[in-house]
Amino acid sequence: MLLKDYISEKGVIFATSVSSKKRALELLSESLAQQHSDLTKNKVLDALLAREKLGSTGLGKGIAIPHCRLAEIENIYAAMLKLDEGVEFESADGLAVNFLFCMVVPENAKDEQLQLLSGLAKLLGNDQVRQSIEKCSHAECLYNLLCQGPERLVS
């Protein structure tokens, strides 16, 4: 799994804070729609909100992986949001989320989605990786960090 196959540096967003979980998802939806002509902000946002109603995608330890499936697309698209101040995300550990990795997946790519979710959860669950994410202060740093092969991120 290489994240660079799904995201570009333009898909990395930094913000001081957001007012709500919905606003965080709006920023990610806007970013995805600006980068990919086959996505619209409202369609992505609606799908992400519907997925969140099933259960929070907050993993804990300040990490969330909001995701959804759309029948209209043929490729997986991703965006990242790093917040200076965390936002309430209904995570199991009750901690605010300050790093979100969002992905939109074609309806028929269930296996690839599960592999990507599993790989991301393992990667972002690593304390060393999370500390490296915290140290990044601009998009290029975060993009380059997460686009390395997993073996280079965790030593």
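**Helix crossings and local features**

Mentor: In this predicted model, helix α4 (residues 127–135) and helix α5 (residues 139–146) have axes that come within 9 Å and cross at roughly 160°. Axes are lines fitted to C-alpha atoms, for helices over the stretch in contact, with angles from 0 to 180 degrees between N-to-C directions.

Trainee: Why is α4 called roughly antiparallel to α5?

Mentor: Angles over 145 degrees count as roughly antiparallel, under 35 as roughly parallel, 65 to 115 as roughly perpendicular, and the rest as oblique. The crossing is at roughly 160°, so α4 is roughly antiparallel to α5. α4 passes α5 in a right-handed crossing.

Trainee: Which residues make the contact of α4 with α5?

Mentor: Val129, Ser132 and Ile133 of α4 meet Leu142, Leu145 and Leu146 of α5, where contact means heavy atoms within 4.5 Å. By class, five are nonpolar, one is polar and none is charged.

Trainee: What makes α1 oblique to α2?

Mentor: The axes of helix α1 (residues 21–35) and helix α2 (residues 41–54) come within 8 Å and cross at roughly 140°. That angle makes α1 oblique to α2. α1 passes α2 in a right-handed crossing. The contact includes Leu25, Ser29 and Leu32 of α1 and Val44, Leu48 and Leu49 of α2. Its residues divide into seven nonpolar, one polar and six charged.

Trainee: How do you know that the charged end of Lys21 sits over the ring of Phe89?

Mentor: The term requires NZ of Lys or CZ of Arg within 6 Å of the ring centre and within 35 degrees of the ring normal. The charged end of Lys21 is 4.7 Å from the centre of the Phe89 ring and is counted as over it. Lys21 is also one of the α1 residues in the contact with α2.

Trainee: How many aromatic pairs does a search of the whole structure find?

Mentor: The search finds zero.

Trainee: What sign has phi of Glu90?

Mentor: Phi of Glu90 is positive, near 60°, in a residue other than glycine. Glu90 is found in the loop between β5 (77–87) and β6 (97–106). Lys61, likewise not a glycine, has a positive phi of about 55°; Lys61 is in the loop between β2 (58–60) and β3 (63–64).

Conventions: Residues numbered from 1 in each chain as written. Predicted model: local features only at pLDDT ≥ 70, side-chain atom pairs only at ≥ 80, totals over all residues. Heavy atoms only, no water. Helix = DSSP H or I, 4+ residues; strand = E, 2+ residues; numbered from the N terminus. Left-handed = near helix turned anticlockwise from the far one by under 90°. Nonpolar A, V, L, I, M, F, W, Y, C, P; charged D, E, K, R; others polar. Phe/Tyr/Trp six-rings, centres within 6.5 Å; stacked < 30°, edge-to-face > 60°.
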